[in-house]
Amino acid sequence: MKRSGWVAWLRLLAGLGILVALVWHLGSQAFLAGLRRIDTATLLAALGIGVLTTVCSAWRWCLVARGLGLRLPLGRAVADYYRALFLNAALPGGVLGDVHRAVHHGRSSGDLGRGVRAVALERTAGQVVLLVTGAVVLLVRPSPVLAPVARFLASPAVALSVAAAGLLVLAVAVRLRRHRGASRGERALRTVVAEARQGLLARGVWPGVALSSAAVLAGYLGMFVLAARVAGATAPTAELVPLVVLALLAMALPLNVGGWGPREGVAAWAFGAAGLGAAQGLTTAVIYGVLAFVASLPGAVVLLARVSPLSAARPATSAAVPLGIRIPSKEPRRSGAERQAERPPLAAATGMIRQRAAEVPSAVAGGVRPQTSQATAARGDTS
């Protein structure tokens, strides 16, 4: 198995391990309670929030793609984004839908690499806005959860890691500025930086990207607060927002099974640290996962609509007769004389000419010699 395959399996096992640990410590009642509390009104609200976040995400994708010079209509982007969300929620890993979306758009636009980079930049923009907003919320809004988080961020290990990352970025920037196009890796990195400027930081792109990312984040926060209310949380919304931000940040970790795993673990820890109970945090995360899956269900309709024309065309293609196989005719067999009699005069004459030509021996078989001897004999008789 390749290294990428092992990494994917390790990520899935890590997500499953988190879920098993939560069930072991908190019991399965937190999962079942979350499923019992969901009603029809909650599902309809999740669908409405999903429409808002999906349309804004698709708009952000259109802006980035057009900044890179790729054509992407908004209607098609919304349909493809819904399909990607459904595949992300239904398949393990949580990113297979985005991979399919990137490859499909790249191939249809005629530039696979640029299409993949457009999706990567679009997702990166959303994560950057989430990180910035989360940092601002956690620093401005006091919460009991901030004490361990602040101690972790102020630890020497984190400070050294941030300093090393900053020096590495500075060194790479200086090297790129001095050596223009020296190696293949540097040229690829320079291309990525240039496309990031075009797709994210251009004057006509970044305002729309920032606005759409803020709207998407507001939708995610609203759905998480809705899940907390359904789970029975009575704390003020201002107190729930920092906890929800931590859970959303945990979703960015690539250690999940269809989005499940780190989100539930961080929600349980954050709610427990805030005095709301770890079980309630787990129930909230479970309800959010169900609501997010319901909000992505229109993607299943898009997927079936895209597949059904192909499945309908398969019987026609499968009915084609392979080469070399003759289908027996239901008409009675007729002799050559009967078929010759039914032909029109011109066709009959043509058939006679073909029959005469077929009777002439080929030169390869040595049939030219008898004709030559007959012609010589004829000349002798006339002479």
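User: Among contacts between residues at least 6 apart in sequence, how many join residues at least 24 apart?
Analyst: In this predicted model, the share is 69%.

User: How many helices and strands does the chain have?
Analyst: The count is 17 helices and zero strands.

User: And what share of the residues is buried?
Analyst: Of 383 residues, 33% count as buried.

User: Let's do helix packing. At what angle do α10 and α13 cross?
Analyst: Roughly 125 degrees, and their axes come within 8 Å. Here α10 is residues 206-231 and α13 is residues 278-295.

User: What does that make α10 relative to α13?
Analyst: Oblique, because 125 degrees lies outside the ranges for roughly parallel, perpendicular or antiparallel.

User: Left-handed or right-handed?
Analyst: The α10 and α13 crossing is right-handed.

User: Which residues meet there?
Analyst: From α10, Tyr220, Met223, Phe224, Leu226, Ala227, Ala228, Val230 and Ala231. Their partners in α13 include Thr283, Ile287, Tyr288 and Leu291.

User: How do the residues of that contact divide?
Analyst: There are 14 nonpolar, three polar and no charged residues in the contact of α10 with α13.

User: Switch to Thr42. Where is it?
Analyst: Thr42 sits in helix α3, residues 40-67.

User: Buried or exposed?
Analyst: Thr42 is buried, because its relative accessible area is 8% and the cut-off is under 20%.

User: What is Thr42 in contact with, leaving aside neighbours within four places in sequence?
Analyst: Leu226, Val230 and Leu291. Leu226 and Val230 belong to the α10 side of the contact just discussed, and Leu291 to the α13 side.

User: Staying with α3, how does it pack with α6?
Analyst: The angle is about 125 degrees, with the axes 9 Å apart. Helix α6 covers residues 112-140. The two helices are therefore oblique to each other, and their crossing is right-handed.

User: Which residues make the contact?
Analyst: Ser57, Arg60, Trp61, Val64 and Ala65 come from α3. On the α6 side are Ala118, Val119, Leu121, Glu122, Ala125 and Gly126. They divide into seven nonpolar, two polar and two charged.

User: Last one, α12. What is its span?
Analyst: Helix α12 has 12 residues, 262-273, and reaches 16 Å from its first C-alpha to its last. That is close to the 16 Å expected.

User: Which of its residues are buried?
Analyst: In α12 those are Pro262, Arg263, Glu264, Ala267, Ala268, Ala270 and Phe271.

User: What follows α12?
Analyst: Gly275, with a positive phi near 85 degrees.

Definitions and conventions
Residues numbered from 1 in each chain as written. Predicted model: local features only at pLDDT ≥ 70, side-chain atom pairs only at ≥ 80, totals over all residues. Heavy atoms only, no water. Helix = DSSP H or I, 4+ residues; strand = E, 2+ residues; numbered from the N terminus. Expected span 1.5 Å × (residues − 1). Buried < 20%, exposed > 50% of the residue type's maximum accessible area, 1.4 Å probe, protein only. Contact = heavy atoms within 4.5 Å. Axes fitted to C-alpha atoms, helices over the stretch in contact; angles between N-to-C directions. Parallel < 35°, antiparallel > 145°, perpendicular 65-115°, else oblique. Left-handed = near helix turned anticlockwise from the far one by under 90°. Nonpolar A, V, L, I, M, F, W, Y, C, P; charged D, E, K, R; others polar.
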